[in-house]
Structure formats: C-alpha cells, structure tokens
Amino acid sequence: MIIHLRSSVNSQEASQLADSIKAFYIVSDGKNVLITGSGLKEVPDLIADKVDEFWVFPNDIQLASRKYLGKTREVNIGNVTIGGDSKNTLLIGGPCSVESEDQIRNSAELLVGLGLTTLRGGCYKPRTSPYSFQGLGLEGLKLLSKMRDEFGLNVITEARDATHIQEIIEYTDVIQVGAKAMYDQGILRACAKTNKPVLIKRGFGTTLQEFVQAAEFVMSGGNENVILCERGLRTFETGTRFTLDLCGVAWMQEYTNLPVILDPSHAMGYAYGVPSLARACVAMGIDGLLIEAHPDPSVAKSDASQQLNHEQFRQLLNSLRPVAESVGYKMV
Ligand code: PEP
Ligand code: MN
C-alpha cells in the first residue's frame, strides 16, 4: 500500500508514523509518503486520521506501478529529460568498455558531432571469465569525467559492486546496474541512497515482476529516478546472443510508470542485426536506446562482435529519426 500523508503531518511525525506501522518513508514530489507491503488492504487505525490518499496493490509493484502514477515518470539525465511529457528517445552511445583516452575521446567526438548528449562506457566490466579484460576501473571513470568536462556530455557507467557507487557518483551522471548485478541488493540499496538516475538492466533470466521489484528496492529507499532497460533474455536459441523481449517492453509500458530503454546491442550480440532491431525498438515509442559503438570494433576489448563502427552508428541515427517521428517521438 502507498499512503500519502496529509500536508499537516511534518517529516518527523511522518517518520514516526512509518515506524509505528513498519512502513518505508520517502519524500516524493514534496509529499510525505509511506509504503507498506502489498499484503495490507486497509489503512491501519493507528494512522487513519493522518492519511490524505492511499493506493492498494495486488503485489509488490507499487511505486513503479502505472496504477499509482498514470504516466511515465520524468527522469533528468543532465539537461536531457526522458519520460514525462518529453516524448524523447534518448540515444545513448559509446563503447562497451572505456579502453584508452584516444578511444573514448573518439567516441565522445562522434556523439557531439551528431548532436547527441549521452556517452556510455564500462569501467568495471562484469565479465564471464576472470581472464578477460575487466575494465580500467577508476582510471576509466576519470576518463569519462574528462569527456564530460571537455564535451559537455552526460556519462553513464556500470557498478559491478556496491563499493563502486561512491566513485561512480563522483565521476558520472547515471549509475548502470547490469543484468548480472540487478539481483545484488547491496548495489540496489546503495543506489537508493543517491539521487542519481539508476538504469537497471533486466537479468537474462528475470521475470518482469522480479525486474520491477529490483526497481522498487531503489525507489522505496528514496531514489525514484529509475530507468528500466530490456537487453534480451536467454532462450533455447543460440544463433543470436539473447532474445530481445519486446512483449515485455509492451508490458512495462502498460503496467509500470518507469521510462524504458532498450539495448539491442547486447540482445543481438552481432552488429549486423543491431540497426534493424533498433528501428523496431524505436517504433514502440520508447524512452531510450542503448547502442554500443567503437572506433574500431575489430580491436574492442569486450563485446567486439556487436559494436557498430562509427559510420554505421551515424547511418543508424539517420534511419531512426523518421521512425521515432512516426510514433510521435524525437531522437535526442
Ligand atoms: C554492458 O552494458 O556493457 C553489459 C555488460 O550489459 P549487460 O549487463 O546487459 O550484460
Ligand atoms: Mn557490452
């Protein structure tokens, strides 16, 4: 249950009321809000005269539920807005991993040249093998931050561990929680304590309900700036890396109030399929797209087979603009 307290209740009292009914307490849009488990069907007598409005839910999708907030939440990434009334489809580009200053500057120049705003590059890579390139760590974060300063770009990188969160906040604008990390409650709880946007990628064996509940961990902890990212599921198919769940995207748009970003690069696993998949994604009227691109994919230290080269990325953006327009969105 979500409970909006009357405006006459101050924050100290709100926090005491939360304790008295074992609820979460957050301040949302200037309102004191309590959240209890979905088992609760009626407002507890203890707080009945303090309640302004309340919502009952059939399960623990609450703050993220469309039933609670009948529209997509607005999330600001630097000076760019997604969700809300923006009708923006944010194209997030950049290499899988930050590898060197030359490489990431080349990527930054590509984006700026195309009028784009948001650069992504991994610094702590969650690799399947311990012998693969693990990312540049703090050195990579500093390079991203340098690009942010030099080019005025917003930058995104992934936290592999809760201990990375503080430095990621210091150097970047959005915290990415990867498909493997999204079950890590240490990371989710640490993200909840920041006010940075958190882009959560769906695990490849994660149900939609579990996915949104990961978002609820961050939101109920006080950070409602959450973005969902669909990046493909593991199925019986081995011809492609994963299977992009567009049905799941329709479900998220129907039942949640969170902006949805799609990642066809990791889903497909091969560059040849990325442009057409990206167009299919944008045709769904989505809040963003995450595309991996590398100055020279053949020498990429991670995910080489799926990264577009810069010419392919340019062409892709041109082909996406009319698709976005046809569904009332704008590529930004
Ligand atoms: C990535 O975004 O580079 C990545 C590792 O993706 P995922 O967590 O979706 O596998
Ligand atoms: Mn990658």
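Select Ser-107 first; this residue sits in helix H2. The model is predicted. Ser-107 has a relative accessible area of 1%, so it is buried, the cut-off being under 20%. Now show what surrounds the serine. Beyond its neighbours within four places in sequence, Ser-107 is in contact with Pro-95, Leu-119, Pro-295 and His-310. Add His-294 to the selection. The C-alpha atoms of Ser-107 and His-294 are 6.9 Å apart in space, and the two residues are 187 apart in sequence.

**Helix against helix**

Widen the selection to all of H2, residues 101–113, and add helix H3, residues 138–151. Two packed helices are described by the angle between their axes and the distance between the axes. Here the angle is about 35° and the axes lie 10 Å apart. The crossing of H2 past H3 is right-handed.

Which residues make the contact? On the H2 side, pick Glu-101, Ile-104, Arg-105, Ala-108, Glu-109 and Val-112. On the H3 side, pick Leu-143, Leu-144, Lys-146, Met-147, Glu-150 and Phe-151. Colour them by class: seven are nonpolar, five are charged and none is polar.

**The metal site**

Go to ligand 2, the manganese ion. Which protein atoms are its donors? Show SG of Cys-96, NE2 of His-266, OE of Glu-292 and OD of Asp-303. These donors lie 2.1 to 2.3 Å from the ion. Along the sequence, the donor residues follow the spacing C-x169-H-x25-E-x10-D.

Keep Glu-292 and Asp-303 selected. Glu-292 belongs to strand S14, residues 288–292, whereas Asp-303 lies in the loop between S14 and helix H10, residues 310–326. The pair therefore ties together parts that are eleven residues apart in sequence. Are these two donors buried or exposed? Glu-292 is buried, and Asp-303 is buried as well.

**The four-stranded sheet**

Move to the sheet with the strand order S2-S3-S1-S4. Its four strands make an open sheet with antiparallel pairing. Select the edges: strand S2 is 24–28 and strand S4 is 51–55, and each pairs on one side only. On average, neighbouring strands here are turned by 25° against each other, with direction ignored.

Next, bring in helix H1, residues 11–20, which packs on this sheet. H1 touches S1, S2 and strand S3, residues 31–35. The directions of H1 and S3 make an angle of about 5°.

Now isolate strand S1, residues 2–5, together with S4. The two pair in the antiparallel sense over four bridges. For a landmark, label Ile-3, which stands opposite Phe-54 in S4.

**Two loops with positive phi**

Stay with the sheet and select Asp-29, found in the loop between S2 and S3. What is notable about its backbone? Asp-29 is not a glycine, yet its phi is positive, at about 55°. Its relative accessible area is 69%, so Asp-29 counts as exposed, the cut-off being over 50%.

Finish at Lys-87, in the loop between strand S6, residues 80–82, and strand S7, residues 88–94. Lys-87 is not a glycine either, and has a positive phi of about 50°. With 44% relative accessibility, Lys-87 is partly exposed.

How values were computed: Residues numbered from 1 in each chain as written. Chains lettered and ligands numbered in written order. Predicted model: local features only at pLDDT ≥ 70, side-chain atom pairs only at ≥ 80, totals over all residues. Heavy atoms only, no water. Axes fitted to C-alpha atoms, helices over the stretch in contact; angles between N-to-C directions. Left-handed = near helix turned anticlockwise from the far one by under 90°. Contact = heavy atoms within 4.5 Å. Nonpolar A, V, L, I, M, F, W, Y, C, P; charged D, E, K, R; others polar. Pairing = 2+ DSSP bridges. Donors = N, O, S within 2.8 Å, 3.2 Å for Na, K, Ca; no water. Buried < 20%, exposed > 50% of the residue type's maximum accessible area, 1.4 Å probe, protein only.
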